[in-house]
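Good morning, and thank you for coming. Please look at the structure on the screen while I take you through a few of its helices and residues.

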Amino acid sequence: MKVSLQRPSAFDWELLGLAMFAFLAPILVVWIKILAWPIPNGHSRLLWDFPCPLCGGTRSLELLMSGNWQAAVAMNPMVTLLVSAFLLWMPYAAVVLWRQWPRLRIIGWTTRSIRWAMLLVFLIVLANWAYIWQMGI
Amino acid sequence: MNETTDQEPIDQEPFDPEPPREGPPWEQADGDFFARVWQTIVGVVSDPMELFAQLRREGGIFPPYLFYLLIAWPAVVLGTLLQLPFDMMMGSSGGEAMIMFFVVLFLTPVFLFIGLIISAGLTHLGLMVFGGANHPFEATFRVNAYAYGGVAWLNAVPFCGSTIAFIWGIVLEIIGVAKVQEISTGKAAAAVLIPLAVVIVLFVCIGLIFASVIVAAFSSL
């Protein structure tokens, strides 16, 4: 498994990511900032008195949109880091699309490396959940 | 005596550069029922590029709809069931909540079919507008059924589950449309996202007009 520079052949993930952002971001901005409609709250804590792994996700998104990164991380680290990573990835995607440059790709995935990656994702979700539980979010 | 001359057409199979598509595990004749469902879900979630590259463009709309129904129906019913206590906390009586549950239980298959037809219709309209409809509506319908069906199990998670399923489903639909209609990523994204955005804007406008009419009616009282 290694990171490699490749010409997009089968599918352009950079274009897909930017298209999804162009579709979802205006919806979110209009919903929260312009129409000021309420965001449906999760009810896991209300019903069962324990949070779900995404508890505080929309609040951290709102904090992120108002530029309060630290408070956003404190609210839900996983959601904030995912959104921040996506926001950092976007300029790269825009540049490689515009310049038609080769794309960064992780190639040579083996069954073993896929299993390790899935375990890592599972552990991150679990750690985030434990944090939210501990902090009472 | 051989009567074939150079001027006569020679019967032969048309040249097809693409190898025949195998179809998803769900459409294979052999294998255990649950194994085929499971393998199709795993295929959609873990390797959508390969699954949609193998998706046949014909074969009817019933098998993909059945797959979608098998995943989405129990998930929607379970999601509604999990939401019942919350609805009752919000003021619904037990009777109202139970009626709502039975309405969901029996009408969901119809609504799922109508929803799938509308969704595929919108995408196909987008494909026609952007010049990407290389294959008939059936192919687009089949993509939609497997894309949204493969992640429909997320609807069992109340509130955020349906949102994640919707966004993930859109991504899968773009991949599927690009693979099945043999078009570029940009064309597929435009064909899927622009009609959807138009519909959302229309709904928001209708909602705002409706809300302003209600506010005006109440303020004149």
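Two helices count as roughly parallel when the angle between their axes is under 35 degrees. Please keep that cut-off in mind; I should also say at once that this is a predicted model.

I begin with a pair of helices from two chains. At what angle do α1(A) and α7(B) pack? The angle is about 10°, and the axes lie 10 Å apart. An angle of about 10° falls under the cut-off, and α1(A) and α7(B) are therefore roughly parallel to each other. From α1(A), the residues A:Leu15, A:Leu16, A:Ala19, A:Phe23 and A:Ile27 take part. Their partners in α7(B) are B:Thr185, B:Gly186, B:Ala189, B:Leu193, B:Ala197 and B:Ile200. By character, the residues of this contact are nine nonpolar, two polar and no charged.

Let us stay with α7(B) for a moment. This helix covers residues 185-219 of chain B, which is 35 residues. From its first C-alpha to its last it reaches 50 Å, close to the 51 Å expected at 1.5 Å a residue. Which residues of α7(B) are buried? They are B:Thr185, B:Ala188, B:Ala189, B:Ala191, B:Val192, B:Leu193 and B:Pro195. The cover over these buried residues includes α1 of chain A, as well as α4 and α6 of chain B.

Before α7(B), in the loop between α6 and α7 of chain B, sits B:Glu182. Its phi is near 55°, a positive value in a residue other than glycine. B:Glu182 is partly exposed, because 14 other C-beta atoms lie within 10 Å.

I now return to α1(A) and turn to its packing within chain A. Helix α5(A), residues 77-99, packs against α1(A) at an angle of about 120°, with the axes 9 Å apart. That angle makes α1(A) oblique to α5(A). The crossing of these two helices is left-handed. On the α1(A) side, the contact is made by A:Glu14, A:Leu15, A:Gly17, A:Leu18 and A:Phe21. On the α5(A) side, it is made by A:Trp89, A:Met90, A:Ala93, A:Ala94, A:Val96 and A:Leu97. Here the residues divide into nine nonpolar, one polar and one charged.

One residue of α1(A) deserves a separate word, namely A:Leu18. Is A:Leu18 buried or partly exposed? A:Leu18 counts as partly exposed, because it has 18 C-beta neighbours inside 10 Å. Neighbours within four places in sequence aside, A:Leu18 is in contact with A:Met90, A:Ala93, A:Ala94 and A:Leu97. A:Leu18 and A:Phe86 are 68 residues apart in sequence, with their C-alpha atoms 9.8 Å apart in space.

In the loop between α5 and β2 of chain A we find A:Gln100. Phi of A:Gln100 is also positive, near 55°, and this residue is not a glycine. With 8 C-beta neighbours inside 10 Å, A:Gln100 counts as exposed.

My final residue is B:Ala75, in helix α3, residues 62-89 of chain B. How many C-beta neighbours does B:Ala75 have inside 10 Å? There are 22, so B:Ala75 counts as buried. Residues up to four places away in sequence are again left out of its contacts, and B:Ala75 touches B:Ala152, B:Trp153, B:Asn155 and B:Ala156. B:Ile41 lies 34 residues from B:Ala75 in sequence and 14 Å from it in space, C-alpha to C-alpha.

Thank you for your attention.

Technical notes
Residues numbered from 1 in each chain as written. Chains lettered and ligands numbered in written order. Predicted model: local features only at pLDDT ≥ 70, side-chain atom pairs only at ≥ 80, totals over all residues. Helix = DSSP H or I, 4+ residues; strand = E, 2+ residues; numbered from the N terminus. Buried ≥ 20, exposed ≤ 12 C-beta atoms within 10 Å, placed from the backbone. Contact = placed C-beta atoms within 7 Å. Expected span 1.5 Å × (residues − 1). Axes fitted to C-alpha atoms, helices over the stretch in contact; angles between N-to-C directions. Parallel < 35°, antiparallel > 145°, perpendicular 65-115°, else oblique. Left-handed = near helix turned anticlockwise from the far one by under 90°. Nonpolar A, V, L, I, M, F, W, Y, C, P; charged D, E, K, R; others polar.
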